[in-house]
Amino acid sequence: MEVFESLKANLVGKKARIVLPEGEEPRILQAAKRIVKETDVTPVLLGNPDKIRIYLEIEGVIEGYEVIDPHSYSGFEEMVTSLVERRKGKMTEEEARQILQDDVNYFGVMLVHLGIVDGMVSGANHSTAATVRPALQIIKTRPNVKRTSGAFLMVRGSERYLFGDCAININPDAEGLAEIAINSAITAKMFGIDPKIAMLSYSTKGSGFGESVDKVVEATKIAHELRPDLEIDGELQFDAAFVPETAALKAPGSKVAGQANVFIFPGIEAGNIGYKMAERLGGFAAVGPVLQGLNKPVNDLSRGCNADDVYKLTLITAAQAVENAKDTAFQAVETVKETTKSTINGFRK
């Protein structure tokens, strides 16, 4: 099954609600029409209700979506109070009120933070920084995650791979690379990829030297220690990671070399060049960047996106929201188990 058909099938009955802050933008509206007609996801559009409804009614969409006008939102003052509390002294009430009136991304992120919607997709008319900044300030990263990162799903026919980080961290250290690898494994599983993670370098198993090689070697070690259940290997050149015959010569015995499907680049320069080469020369569709490591999903569109890109990234965001809910429930159960175990042990003592 094609990857987005699979995502769509997994979202049936989940009723995920995704806010699209650029609600009057034609590409967003075209995507919203398709989301309503083809999926169980509810698009929540920010903007002028009359303009949005007239457009969608002409397109034959009468229901299945929601519109919120930030300038007449009934819960605005409560949102202001919550934003001031969340920023913990870094924003006054007047500053919070002004930014929520002026910046739809802050308004959208607050809807996510308050649980009114499950995730956000923006960036058709905004820079990556404008989309990511409020997410980092308000939603923040998950427990034990120090940074967010950006991964691209690369699709060509039945082939699917994950490339990271290609969008956020310019030159991550070893600890950062390890964290990116682990979060990329979580993202890969969401797309039905059983992750075999290659930590990429210009060296394979000591064939080259330098600080960059040392960083990748250390990152691989850290990732193994943190998640011994994951199949991760490095440092590997791309040919050793991808081509079985080359892997047999350069990295014999590796469980990842020659079979990798998740590729972690040593820095954003290599990652950005790599995904664009695969897209333009290799004929892969690059979907993303998918932001990883946040408490709740917020994803960034390219300003050159089309309606199909918006549709696909909205499905991904909804899928992340569903996976996050599963993880939260699992963590809650594990916490109860640990608390119960500690209590029982205390009684035994």
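In the predicted model, asparagine 105 is in contact with Pro21, Met120, Ser122, His126, Ala130, Thr131 and Pro134, when its neighbours within four places in sequence are set aside. Asparagine 105 belongs to helix H6, which covers residues 104-113. Its relative accessibility is 0%, and the residue therefore counts as buried, the cut-off for that class being under 20%. One of the listed partners, Ala130, also takes part through its backbone: a polar atom of the asparagine 105 side chain lies 3.4 Å from the backbone oxygen of alanine 130.

A second polar residue, threonine 39, is located in the loop that runs between helix H2 (26-38) and strand E2 (42-46). With a relative accessibility of 11%, threonine 39 counts as buried. The side chain of threonine 39 reaches two backbone atoms, namely the oxygen of isoleucine 35 at 2.8 Å and the nitrogen of valine 41 at 3.0 Å. Once neighbours within four places in sequence are left aside, the contacts of threonine 39 are with Lys8, Arg34, Tyr311 and Leu315.

The largest nonpolar core comprises 59 residues, of which Leu45, Leu153, Phe191, Ile197, Met199 and Ile316 touch the most other members. Helix H8 (residues 174-190) provides the largest share of this core, with nine residues. Apart from this core lies another of 27 residues, including Leu46, Leu100, Leu111 and Ile138. Leucine 153, named above among the members of the largest core with the most contacts to other members, was examined further. Beyond its neighbours within four places in sequence, leucine 153 is in contact with Val3, Phe4, Arg160, Tyr161, Leu162, Phe191, Ile193, Ala285, Ala286 and Val287. Among these partners is Phe191, which is likewise listed with leucine 153 in the largest core.

At the level of the whole protein chain, the secondary structure consists of 13 helices and 11 strands. The radius of gyration is 22 Å, close to the 20 Å given by the globule rule for 349 residues, so the chain is as compact as a globular protein of that length. The C-alpha trace spans about 65 × 65 × 35 Å along its principal axes. Of the 349 residues, 52% count as buried. Among contacts in the chain with a separation of 6 or more, 70% are between residues 24 or more positions apart. The protein chain exposes about 16,400 Å², and 53% of this area is supplied by carbon and sulfur atoms.

How values were computed
Residues are numbered from 1 along each chain as its sequence is written. This is a predicted model: local features need pLDDT of at least 70, side-chain atom pairs count only at pLDDT 80 or more; totals for chains, interfaces and linings use all residues. Side-chain values use heavy atoms; hydrogens and water are left out. Helices (H or I, at least four residues) and strands (E, at least two) are DSSP runs, numbered from the N terminus. Buried means under 20% relative accessible area, exposed over 50%, partly exposed in between (1.4 Å probe, protein chains only). A polar contact is a pair of N or O atoms within 3.5 Å; within protein, one must be able to donate a hydrogen and the other to accept it, and residues adjacent in sequence count only if both atoms are side-chain atoms. Contact means heavy atoms within 4.5 Å. A nonpolar core is a set of buried Ala, Val, Leu, Ile, Met, Phe, Trp, Tyr and Cys residues joined through side-chain atoms within 4.5 Å. The radius of gyration is taken over C-alpha atoms; the globule rule is 2.2 Å times the number of residues to the power 0.38. Accessible areas come from the Shrake-Rupley method with a 1.4 Å probe; for residues, only the protein chains shown count as cover.
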